[in-house]
Amino acid sequence: MPKDSGIGASSKRREDVRFLTGAGNYTDDINVAGQAYVYFLRSDIAHGRITGLDTSAAEAMPGVVKVFTGKDFEGVGGMPCGWEVTDKHGAPMQEPAHPILAQGKVRHVGDPIAAVVADSLEQARDAAEAIDLEIEELPAVIDMKAAAQEGAVLVHDDLKNNICYDWQLGETDDAKVNEVFAGAAHVTTLDLVNNRLVANPMEPRVAVGEYKRGTDEYTLYTTSQNPHVIRLLMCAFVLGLPEHKVRVVAPDVGGGFGTKIFHYAEEAFCTFAAKACNRPVKWTSSRSEAFMSDAHGRDHVSTIELALDADNNFIGLRTNTYANLGAYLSTFSSSVPTWLHGTLMAGNYKTPVVQVNVRAMFTNTVPVDAYRGAGRPEATFQLERVVDKAARELGVDPIALRRQNFITQFPYDTPVALTYDTGDYNGTMDKLEAAADLAGFAARRAASEAKGKLRGLGINCYIEACGIAPSNIVGMLGARAGLYDAATVRVNATGSISVMVGAHSHGQGHETAFPQVVADMIGIDESMVEIVHGDTSKIPFGMGTYGSRSLAVCGSAMVKATEKVIDKAKKIAAHLLEASEADIELKDGQFSVAGTDKSVAWGDVTLTAYVPHNFPLEVEPGLEETAFYDPANFTFPSGAYACEVELDPETGQVTIEAFTAADDFGNIVNPMIVDGQVHGGIGQGIGQALLENCAYDENGQLLSASFMDYAMPRADDVPFYGVDHSSQTPCTHNPLGVKGCGEAGAIGSPPAVVNAVLDAMNSGGKAVDHIDMPVSPSRVWAAMNS
Amino acid sequence: MKVSMTVNGRLVEGDVEGRTLLSGFLRDQLSLTGTHVGCDTAQCGACVVHVDGVAVKSCNMLALEADGAEVGTIEGQAHADGSLSVIQQAFQDHHGLQCGFCTPGMVMSAAALLKDNPRPTEAEVRKYLEGNLCRCTGYHNIVKAIMAASGQDVSHIAAE
């Protein structure tokens with residue numbers, strides 16, 4: 001029987017009621033009395049030198065409060081990067097300045113040049129058109145490999161070249177790797193592209209800056225996954241403001257998928273301008289503006305080689321990747337192609353020798369940073385595509401080849417720096433084979449063929465690394481922040497509980513799932529527990545929500561704080577029951593003395609904590625505890641996915657006929673929410689595989705800058721998904737045994753789709769061994785007719 | 001310019017520019033912020049409202065064009081006692097929303113669909129939602145919720 005409350009129950013989401021009735025409170029719903037509006041004049045060319053910038057006509061336009069240019073920010077810090085990568089020769093990465101408004105040069109379409117603050121948005125926009133801007137257009141460098149060439153146009157004049165870093169992980173001895181490949185019975189090589197994507201949460205970014213002269217205090221309302229991180233970066237590195245005078249609030253956040261982790265120039269601008277104008281300043285991104293100012297995702301070009309022995313055991317893996325970082329370093333962009341990508345290249349397999357090489361490039365494009373999965377989808381796509389290609393070349397079953405090479409003993413130290421604590425890859429594959437009815441595939445293929453269609457089955461596995469930690473290790477790897485989290489459990493006198501958490505939901509249902517844990521631990525109704533998040537003035541501290549970390553890291557802090565609360569409450573209960581603390585048990589909201597019928601209710605103990613008339617002298621009044629939690633390791637969710645496609649050989653049209661996910665997320669708090677996370681991830685993965693592509697022309701013009709041009713998955717592009725989460729090996733090092741589920745779908749699904757398309761094409765007698773994403777009808781048709 | 005219309009059964013008046021969009025009028029002048037704006041090319045559908053009973057993208061209509069019209073927004077969808085409508089309840093029951101930003105438009109579109117087609121097939125629901133983008137759910141639970149709201153048995157559809 002499914003549980004109806006607490007850990008393991010599919011409790012309905014309490015936040016839904018406000019979202020369903022139009023009562024949500026998103027940042028754009030916030031209007032501060034007297035606010036002015038900012039419009040950013042952005043570069044419409046990819047690379048140029050500003051030779052003239054006259055704002056006098058704009059300043060004279062109706063309603064204009066002030067016009068800002070780069071000059072206003074000459075004494076202000078630039079946007080910081082939160083991760084210093086060291087290259088394979090021991091040198092730090094090249095780290096160019098990233099100004100709030102352009103300083104002399106523009107480096108991508110969308111680079112902000114000036115900002116007009118006016119009484120209304122329309123007035124600001126009208127005035128921006130009156131800015132007299134002269135730009136000397138320079139040649140742009142867009143292609144990553146071209147950017148790496150000697151003599152390439154420099155994105156940053158003060159850097160020696162366009163290479164941010166040349167990084168390596170795994171086996172450092174090239175001769176040893178060469179020897180493995182020379183001795184292999186078979187080597188499979190694959191060149192592939194991981195297409196550039198735009199995260200496109202449905203809520204565009206918004207920032208409202210407010211300054212109170214009387215108290216010298218700032219408030220920034222912003223669409224952020226991590227308000228404390230924004231406050232820290234903005235205060236310490238950009239504007240030089242005292243942290244205790246700055247409050248950052250992220251109210252309801254309408255999706256993020258990574259793109260709302262980063263500290264953006266518009267946030268710092270609105271905070272700065274609020275004081276400079278002595279008025280609140282609001283910025284709301286249009287969707288077109290989002291396409292050229294939100295950090296993009298993916299954009300890797302790779303060559304991967306897999307060496308196998310005569311028995312089809314994987315004996316070596318080598319990858320060479322070019323990663324596009326865009327024109328500037330975004331907050332965590334340097335970490336994505338390196339520590340979030342290279343470390344995952346072992347996948348689910350016991351390949352003894354792995355070498356990962358990554359060259360990260362500056363180009364005249366929008367900065368690229370973490371997008372759902374962040375490095376792990378790029379690793380998984382390479383690995384699972386090359387394994388599939390190897391199976392086809394060797395004429396062996398792709399599932400059998402995978403099973404033969406699975407890691408089966410845990411803990412397992414990979415050759416690329418990780419220690420997997422748990423997993424059961426064969427068990428999860430067994431679940432997939434049953435859930436996807438793979439035994440029935442031949443009949444389904446025959447039925448498709450009877451109507452003139454080709455049917456393909458694509459299988460792949462994935463390994464995930466969530467809740468990146470511990471802080472001392474990530475610090476050694478270059479992180480400029482800790483990756484712990486915090487929670488305060490505040491019990492009120494009447495027994496209800498407010499939990500202030502550093503994680504911040506942007507659709508994941510924390511307001512429902514987190515109380516399930518606390519209520520379960522105490523044995524009270526979930527409705528007695530409320531989550532407070534998204535406001536630096538209300539929560540102790542928090543690193544926020546990304547990397548599928550919320551429950552594994554912040555949830556663990558919440559468990560630790562709740563344990564402290566229970567320990568203290570037991571002392572009070574022991575006093576009230578005139579018993580020894582060691583004999584007190586807590587069950588179903590009742591403290592009882594073991595072996596007796598003496599008990600006292602949760603509410604009586606909490607009331608006593610705040611009305612301490614009859615109270616143990618050695619205990620402080622009140623009932624509130626805080627815990628910070630720094631995990632001992634990552635968590636390692638894993639899974640196996642199956643996709644079935646139907647392909648029309650006449651048109652190249654591919655339709656997804658079935659998609660099945662078998663995941664191992666360890667223990668699960670709310671199965672309904674977990675399933676929803678997987679659905680959404682698969683939807684985005686199918687989008688990457690079949691539809692989405694952020695395209696530039698050779699001059700750096702962004703060709704896909706609206707929903708008219710960028711193909712977002714729509715309801716009729718996707719099927720119902722099958723999900724099975726019954727394969728559960730709990731995480732060994734966090735108190736809930738949870739692993740994280742937010743990114744799995746986006747990591748595991750693109751290779752499944754592409755493998756299925758290739759299977760369909762090959763079943764039609766066409767020997768095609770690779771096709772790039774997005775797998776558009778024109779690409780399929782071309783491949784079928786080449 | 002003066003404009004007046006009935007919004008969720010209440011007569012309202014306002015002063016707008018010729019270029020003021022209906023979405024802007026609802027959000028900025030009437031503080032009905034449940035109608036969301038997610039794009040600028042009439043693609044995403046977060047701003048869908050009903051104008052004289054027809055589902056309309058309110059970012060693609062001038063406020064003046066709605067002069068004299070009956071307008072329904074997400075704020076008017078719940079029952080008079082505050083309880084959720086059948087469609088809203090189905091979205092909660094079947095986890096048809098995550099971040100909630102597309103949700104008002106989804107609910108308004110679903111209401112318009114079910115008015116015209118009380119028992120749509122899965123394919124009909126998916127086709128009808130072409131003008132409503134959701135980035136969180138992969139559409140699975142939205143389609144399921146709408147079919148459930150139409151009184152169809154959805155227990156055979158996978159997942160919670």
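**Notebook: strands, helices and the chain contact**

I began with H50(B), whose bridge partner in β5(B) is G72(B). The model I consulted is predicted: local features need pLDDT of at least 70, side-chain atom pairs count only at pLDDT 80 or more, and totals for chains, interfaces and linings use all residues. Residues are numbered from 1 along each chain as its sequence is written, while chains are lettered from A and ligands numbered from 1 in the order in which they are written.

**Entry 1: strands around H50(B)**

I then looked up the strand that holds this residue. Strands (E, at least two residues) and helices (H or I, at least four) are DSSP runs, numbered from the N terminus. Two strands pair if DSSP finds at least two bridges between them. β3(B), residues 48-51, is joined to β5(B), residues 70-72, by 2 bridges, and the two run antiparallel. β3(B) also pairs with β4(B), residues 54-57, in the antiparallel sense over 4 bridges. In β4(B), I found A55(B) as the bridge partner of H50(B). I noted that β3(B) and β4(B) form a hairpin with 2 residues between them. D52(B), in that turn, has a positive phi of about 50°.

**Entry 2: two helices of chain B**

I next examined α2(B), residues 86-93, and α3(B), residues 103-116, which pack at an angle of about 125° with their axes 10 Å apart. Axes are lines fitted to C-alpha atoms, for helices over the stretch in contact, and angles run from 0 to 180 degrees between N-to-C directions. The two helices, α2(B) and α3(B), are therefore oblique to each other; angles under 35 degrees count as roughly parallel, over 145 as roughly antiparallel, 65 to 115 as roughly perpendicular and the rest as oblique. I recorded their crossing as right-handed; the near helix is then turned clockwise from the far one by less than a right angle, and anticlockwise would be left-handed.

Residues are in contact if their C-beta atoms, placed from the backbone, lie within 7 Å. α2(B) contributes I87(B), Q88(B) and F91(B), and α3(B) contributes T103(B), V107(B), A110(B) and A111(B). By class, I listed 5 nonpolar, 2 polar and no charged residues in this contact. Ala, Val, Leu, Ile, Met, Phe, Trp, Tyr, Cys and Pro count as nonpolar, Asp, Glu, Lys and Arg as charged, and the others, Gly among them, as polar.

**Entry 3: chain A as a whole**

I found 19 helices and 30 strands in chain A. Its radius of gyration is 27 Å, close to the 28 Å that the globule rule gives for 786 residues, so chain A is as compact as a globular protein of that length. The radius is taken over C-alpha atoms, and the rule is 2.2 Å times the number of residues to the power 0.38. Along the principal axes, the C-alpha atoms of chain A fill a box of roughly 85 × 70 × 55 Å.

**Entry 4: a sheet in chain A**

I traced an open sheet of 3 strands in chain A, in the order β24-β25-β26, with antiparallel pairing. β24(A), residues 584-587, and β26(A), residues 599-601, stand at the edges with a single partner strand each, so one side of each is left without a neighbour in the sheet. The twist averages 25° from one strand to the next. β24(A) and β25(A), residues 590-593, are joined by 4 bridges, and K587(A) has Q590(A) as its bridge partner in β25(A). I also saw that α15(A), residues 550-577, lies across β24, β25 and β26 of chain A, running at about 120° to β24(A).

**Entry 5: a hairpin in chain A**

I looked up β15(A), residues 300-308, which pairs with β8(A), residues 186-194, in the antiparallel sense over 9 bridges. β15(A) also pairs with β16(A), residues 314-326, in the antiparallel sense over 9 bridges. Their hairpin, of β15(A) and β16(A), has 5 residues between the strands, and N312(A) in the turn has a positive phi of about 70°.

**Entry 6: where the chains meet**

I closed with the contact of the chains, which takes 46 residues from chain A and 47 residues from chain B. On the side of chain A that touches chain B, α17(A) gives the largest share, 8 residues. The residues of that side of chain A divide into 19 nonpolar, 17 polar and 10 charged.

Conventions
Two residues are in contact if their C-beta atoms, placed from the backbone, lie within 7 Å.
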